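Biologist: Please give me a close look at a single part of this model, and then show me what connects to it. I am in my first year, and short explanations along the way would help.

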Amino acid sequence: MDKHEGRDAGTIRLDDPWYDALAVGWGEGEGAGAGAGEGSGGTAGEGAETSPSGFPSHGPHALGASDIYLEVQRSAAFQEVRSRYRRFVVPATVGFFLWYVAYVIAATTAPGMMARPVVGSVNVALLAGLGQFLSTFLLTWAYARHARLRRDRAALDLRWTVFEQEQVRRADAGERTRTRGAGR
């Protein structure tokens, strides 16, 4: 985010797609709902132009904000990001949960085994408990690495696509408002 120069030097520009104020303007401007404005109800199959990224663009049937998000959600790129997320999270969650349950079950059903000394006063239960902490940190590191390498770039591309489509929608809405105002 860039800082302005001059009179408003202390304010920060909020035209960044990572800024989440009111879900990029939902409920503002054209009306209080999706498709409230004129010409905001089209879909990609209803004559709207398509941008190079495969998402509908401005045109005679420009999309509303909620339509843009629905189109992105239905896109192959979004589905790929979600499937990459699930392919990591589901097995990791199941594995970690099984490891935790195994520790609890072993601690309650096999106290003799858990009390077995390993080195000095360090026993199996203490090592397994420390292993729980270690596995939590390793899983957190693996998740952050997986997100950085396999999902963040694609998610940011999707975010920029939505941001650009929202900017086009707002510009089209501004033109329609000016046109209606000049025609009176």
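Modeller: Let me start with a term: a residue is buried when its relative accessible area is under 20%, exposed when over 50%, and partly exposed in between, using a 1.4 Å probe and counting protein chains only. This is a predicted model, where local features need pLDDT of at least 70 and side-chain atom pairs count only at pLDDT 80 or more, while totals for chains, interfaces and linings use all residues. Residues are numbered from 1 along each chain as its sequence is written, and side-chain values use heavy atoms, leaving out hydrogens and water.

By that measure, phenylalanine 88 is buried, at a relative accessible area of 18%. Let us make its helix, α3, our chosen part, which spans residues 76–109. Helices here are DSSP runs of H or I with at least four residues, strands are runs of E with at least two, and both are numbered from the N terminus. In this protein chain there are five helices and two strands, and they follow one another as α-α-α-α-β-β-α along the sequence.

Now follow α3 from end to end. Its 34 residues reach 48 Å from first C-alpha to last, close to the 50 Å expected at 1.5 Å a residue; the expected span is 1.5 Å times one less than the number of residues. The helix has five names to look for when you want its buried residues: Val81, Phe88, Val89, Ala92 and Ala106. For the protein chain of 184 residues, the buried share is 24%.

Charged side chains are also worth finding on α3. A salt bridge is counted when a side-chain nitrogen of Lys or Arg is within 4 Å of a carboxyl oxygen of Asp or Glu, and the structure holds five of them. Side chains of opposite charge can pair when their charged atoms come close. Glutamate 80 and arginine 84 meet in one such bridge, at 3.0 Å from N to O; both belong to α3, four residues apart, about one turn of the helix. An α-helix has 3.6 residues a turn, so residues three or four places apart point the same way. Glutamate 80 also bridges to arginine 87, with the closest N and O atoms 3.5 Å apart, and salt bridges thus link Glu80, Arg84 and Arg87 in a network. Glutamate 80 is partly exposed because its relative accessible area is 33%; arginine 84 is partly exposed too, at 28%, whereas arginine 87 is exposed, at 54%.

What does Phe88 of α3 pair with? Two aromatic pairs occur in the structure. Phenylalanine 88 pairs with tyrosine 143: the ring centres are 5.9 Å apart and the planes are at 50°, so the pair is tilted. Here rings of Phe, Tyr and Trp (for Trp, its six-membered ring) pair if their centres lie within 6.5 Å; planes under 30 degrees apart are stacked, over 60 edge-to-face, and the rest tilted. Because tyrosine 143 lies in α5, this pair ties together parts that are 55 residues apart in sequence. Tyrosine 143 is partly exposed, at 33% relative accessibility.

The other pair joins tryptophan 160 and phenylalanine 163 edge-to-face, 5.3 Å centre to centre with 85° between the planes. Both of these residues lie in α5, three residues apart, about one turn of the helix. Tryptophan 160 is partly exposed, at 35%, but phenylalanine 163 is buried, at 16%.

Val81 brings us back to α3. Together with Ile68, Val72, Leu158 and Val162, Val81 makes up the largest nonpolar core, and both α2 (65–74) and α5 supply at least two residues of this core. Such a core is a set of buried Ala, Val, Leu, Ile, Met, Phe, Trp, Tyr and Cys residues joined through side-chain atoms within 4.5 Å.

Finally, glance at α2. Its glutamate 71 and arginine 74 sit three residues apart, about one turn of the helix, and form a salt bridge whose closest N and O atoms are 3.8 Å apart. Glutamate 71 counts as buried, at 18% relative accessibility, while arginine 74 counts as exposed, at 57%.
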